[in-house]
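Here's a quick tour of a protein model for you to follow on screen. Keep the viewer open and click along as each residue comes up.

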Amino acid sequence: MMALPRISSISAVALALIFAASPLASAGNLNQTHENYFAENPYVYIEQGGYCGVLTKVDGNPHSVSFDRYSLLIDGEREFIASGEFNLYRCPSVEQWRDRLEKIKASGFNCVDLYISWAYHCTAEGVYDFSGNRDVDILLRICEDLGLYVLFRPGPYVCSEVHAGGLPGWLLGKGADVLLRCQLPTGLSPVGVYSPAYVQYCMDWFDQILSIARPHLITNGGSIVCVQIENEYNQATGNRQYMQELYDGCRQRGINVPIFTNEWVYAEIGMPLGDWSDLADIYASDLYPAQDASKPWDTSTFSVLDTLESNQRPYATDSPLFITELQGGWYDGWGGVGYDHWRTIFNGDYFNIVDKSIVGQGFTMFNHYVFYGGTTWGYWGDPNVYTSYDYATAIRESGGLSDVYYAMKRNAMTIDAFKDGLAKTDVADTVTATNSTVLYKARQGDNGIFTFLRNADNGSALYTKLTMPSGWKNITIPAQGNISVPQRSMKIVVSNYDAGDFKVSYCTSDILTMKKIGGKWVMIVYGDQGMEGELLLDIKESPQISGDVQNVQYEWNEAADDLRLNFKHAERSIVNIDGGNVDIVIVITTESDADQFWVTETEEGPWIIGGPYLVRGISSSGEINFDVDETANLLVFSPNVEKPEAEGKNVHELADIGACIIGNFNSSAPKELPVLTDWKYRVSPELEGASEIQSKTIGIGEPMDMFSNGYYYGHAIYSGTFAQTIPGLSGLALEIDARTSYSVYVNGVHIGSHTSYQENPATGFELDAPDQQVFQIPADALGDTNTIIIIAENLGANQNFGFFADAKFFRGVRSATLIGASAPLISWEISGGLYGENLDWDEPGFDDSNWQDVSLPYVPQNQSAVGWYRTEFELNLSQGSDQPIGLVLESAHSKATIYLNGVLIGRYWNEKGPQHKFYLPEGILNTNGRNTLAIAVWNMGEDGAIGKVSLEGFNYSYSTHYSLSMNAEEEKLIMMQPAIMAGVLAAMALALIAAYVLVKRGK
């Protein structure tokens, strides 16, 4: 396996989209051909030659895909789909795609869900861009390389808290014959009306996106197992002909995998609004149990989960139970509470309960929205969200793994281990509990009974015994004591499970995984620190017990062929059971230690690796690629290495167990970050009516808003002129109706600012009602000829979601008229974007030598409307390490836009917040070279000041990459930290042959 060089800072910027004006513009060469792009950036699609996470049938060969009422079927075999959402439009650096997708697959999830935003790929009518950081083909190649199934969701509508729900901006300027989503806006409740013009645009989109998807269908040797049409679209406000044509359009364009819809959540909680179950192949729906930041979760929070099976089954009579968007966190809005607060609600305990409850309801397909949220960079967001879309979910915005990740991973690994039992279950009424409040569900599978115990309240632990069938008799478990269910927790008791070589009669602790490795079975059981556990195994011969037996009590019942083990969960214990025809290794550990265990499937069989912060995969030559965040002791169960030796490492040989421990791998210390100095400042001439910027004249009586004039994103500058026809005219005022934020200047004098933003961050919805503001014009500000400048900011088009057909609600200025005696008419012009955006003030290489030298904090003396600040800084971060960097903006009055190497990477609002730290994505950020930072500060009537600006790491994301080469023939281990080397591929390949440089950055 070759490690490949990182892209240069220039080519990294070339991958990123820049919103220099509206309509959108691109930075760098984003229109190069596929072939050239692959040649210049091979790291994004080159075959890894390794394995990551659990086993799938994504192997380059065509496979059939079907379904029944229980599960998806690949080649007739049952598959449990555990999926996480990844939004490529919120991950602006292609370099990061593999990293994020590797982390999804490593977690035990076997599938990724991909929203594809129409707007992201079609910024002008008839112009489609699938290059650079919009290359869907490359994204799907990476999924196939990693062995990830794909749920493909091309819309045309996606919602996703993006501008107009992912509909292209240029559609918003179309006339009344183009009814978005075939909905006639009629106040709060749109009416479904078929719109031929809109449907034709949708078919044009399908022509483009489905031609890319078709080769990647699993039936064609790819990874896509299902395709979704539309999103969260109900019959009460929708149009059936539109949905039928979307379905037919997919089939006509070669989509031969199951097609599903995502029904709006209310159909799942006893409030049916109509559904498309008779049209789509698979019925599916949303589910977001908690959305209130002020309410701590308890048992009542999960009540919506507890009727899912009974509510959904009438719609999914012949298809598997499927949650398309299972809550993965929640978004935060302007003026919101911040993601640190959301993470106190959406923690690992919350998702441990959510995921196990879903499985307990019999669902065999679910997708967490989102698994990685990312960054709402540029002007893509809708009014609901600010720049960070961390979402308080599994993978943080900066790429770090959270407690949510590890909770989801534990459950996904259990699902994978017992997939043959869990992929087809029915409710089992034969299981009873002495404490009925704890018994959530019991399900009988083709192999095993799975009993779900839940204690969702923040009180104390609950205890119970269970009675269930085992063979021809009922048994009570445990034999000693009770099953403990700690507060705010849930567990799965596996029983009657036939592993082939032996049976798991029951286990009162959670089983993380159970795999046969090199002739030995390895089982990992976990529980809270100090919790008691009991495991009963059906083994045919009297076993020999060795290992950490001092921590375990065991009893062999020869008459019943039962081996019972009793233990407490504390420091990791490893017990070897030699049962004659079966060898079993039991790892008894705590929940926190279980988080550090990883399963990776190879052609030779599964590996289990314990200790690292992350295991990315194993190469075909036996190299383990893993990350360490602080320190790690490795425990490796391998199918092809039995007696390893490690150069420079302490190896504890456990020959009777067939494992090895390789002592401490340490993460290197983060590099010190530079202080941002040498700032340059310049006043931006928005108030001077800059002639260099292309503008459009608005005729008398013509609409003034941005959408009607072809500007769909970001800022618009309105310039109006009027003559003072009456000498000494006074008492004039300007009446304005505008969205969403704006400032008004007459002859350079600021006369007022206003924001019409809907301040409820939980909804962001607004009505199209007038919001007319009157601004008095001082008489001494007037002259013979007068100029009015209005700087207006569009915070994004509304989502057109649910009961609101509101994406076309205007942005910018709807009306601006002078009022007063003999008030003259105003002649208006409009231009798109800030002045500096249009003239590349944000770009590297721009000549700012004649700008003013300033130090931050800084308060401009002239108090301009917009002021620009630029600086450069150089980084030299550790090779082979993740050290994500953030930019901290202490304050800026009143708003600011932040650009890194020509890419708009942050939007700041001083009065609303809450975001002050902005992630700088690697790939756009040159981690080993020079970077250009630009900040445009918009003074909305305060003091135009900017506070301290600094670089700061994300400590919870820092890790060091390692690779461990395990050579069975020589019986030794060779370990070295990766070095990512500059130079051409040929030169680096020679270095790799000599040195085994093992882990690459930018996978």
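Lys 540 and Asp 538 meet through their side chains in a salt bridge, with 3.7 Å from N to O. Keep in mind that this is a predicted model. A search of the whole structure turns up 45 salt bridges, and a few of them are picked out below, followed by a strand residue and a helix.

**Salt bridges**

- Lys 540 counts as exposed because its relative accessibility is 62%, and exposed means over 50%.
- Its partner Asp 538 has a relative accessibility of 15%, so Asp 538 counts as buried, the cut-off being under 20%.
- Glu 872 pairs up with Arg 930, and their closest N and O atoms are 3.2 Å apart. Glu 872 sits in strand β53 (residues 866-876) and Arg 930 in strand β59 (residues 928-938), so this pair ties together parts that are 58 residues apart in sequence.
- Both ends of that pair are partly exposed: Glu 872 has a relative accessibility of 38%, and Arg 930 has a relative accessible area of 45%.
- Glu 952 forms a salt bridge with Lys 917, where the closest N and O atoms are 3.0 Å apart. This pair links distant parts of the chain, with Glu 952 in strand β60 (residues 949-953) and Lys 917 in strand β58 (residues 917-920), 35 residues apart.
- Glu 952 is partly exposed at 39% relative accessibility, and Lys 917 is partly exposed too, with a relative accessible area of 23%.
- Salt bridges can also join up into a network, as they do for Asp 99, Arg 100, Glu 102, Lys 103, Arg 616, Asp 627 and Asp 882.

**Ile 545 and its contacts**

- Ile 545 belongs to strand β30 (residues 544-547).
- Setting aside neighbours within four places in sequence, Ile 545 touches Tyr 554, Leu 563, Val 575, Asn 576 and Ile 577.
- Try finding Val 585 as well: it is 40 residues from Ile 545 along the chain, and their C-alpha atoms are separated by 9.9 Å.

**Helix α6**

- Helix α6 (residues 196-213) has 18 residues, so at 1.5 Å a residue it should span 26 Å; the C-alpha atoms at its ends are 25 Å apart, which agrees.
- Look for a kink of about 25 degrees in α6, centred on Asp 207.
- Several α6 residues are buried, including Tyr 198, Cys 202, Trp 205, Phe 206 and Leu 210.
- What covers the buried residues of α6? The cover includes α4 (118-121), α5 (136-146), β9 (149-153), β12 (224-228) and α7 (240-252).

Key
Residues numbered from 1 in each chain as written. Predicted model: local features only at pLDDT ≥ 70, side-chain atom pairs only at ≥ 80, totals over all residues. Heavy atoms only, no water. Helix = DSSP H or I, 4+ residues; strand = E, 2+ residues; numbered from the N terminus. Expected span 1.5 Å × (residues − 1). Bend = angle between axes of the 7 residues up to and from the residue. Buried < 20%, exposed > 50% of the residue type's maximum accessible area, 1.4 Å probe, protein only. Contact = heavy atoms within 4.5 Å. Salt bridge = Lys/Arg side-chain N within 4 Å of Asp/Glu carboxyl O.
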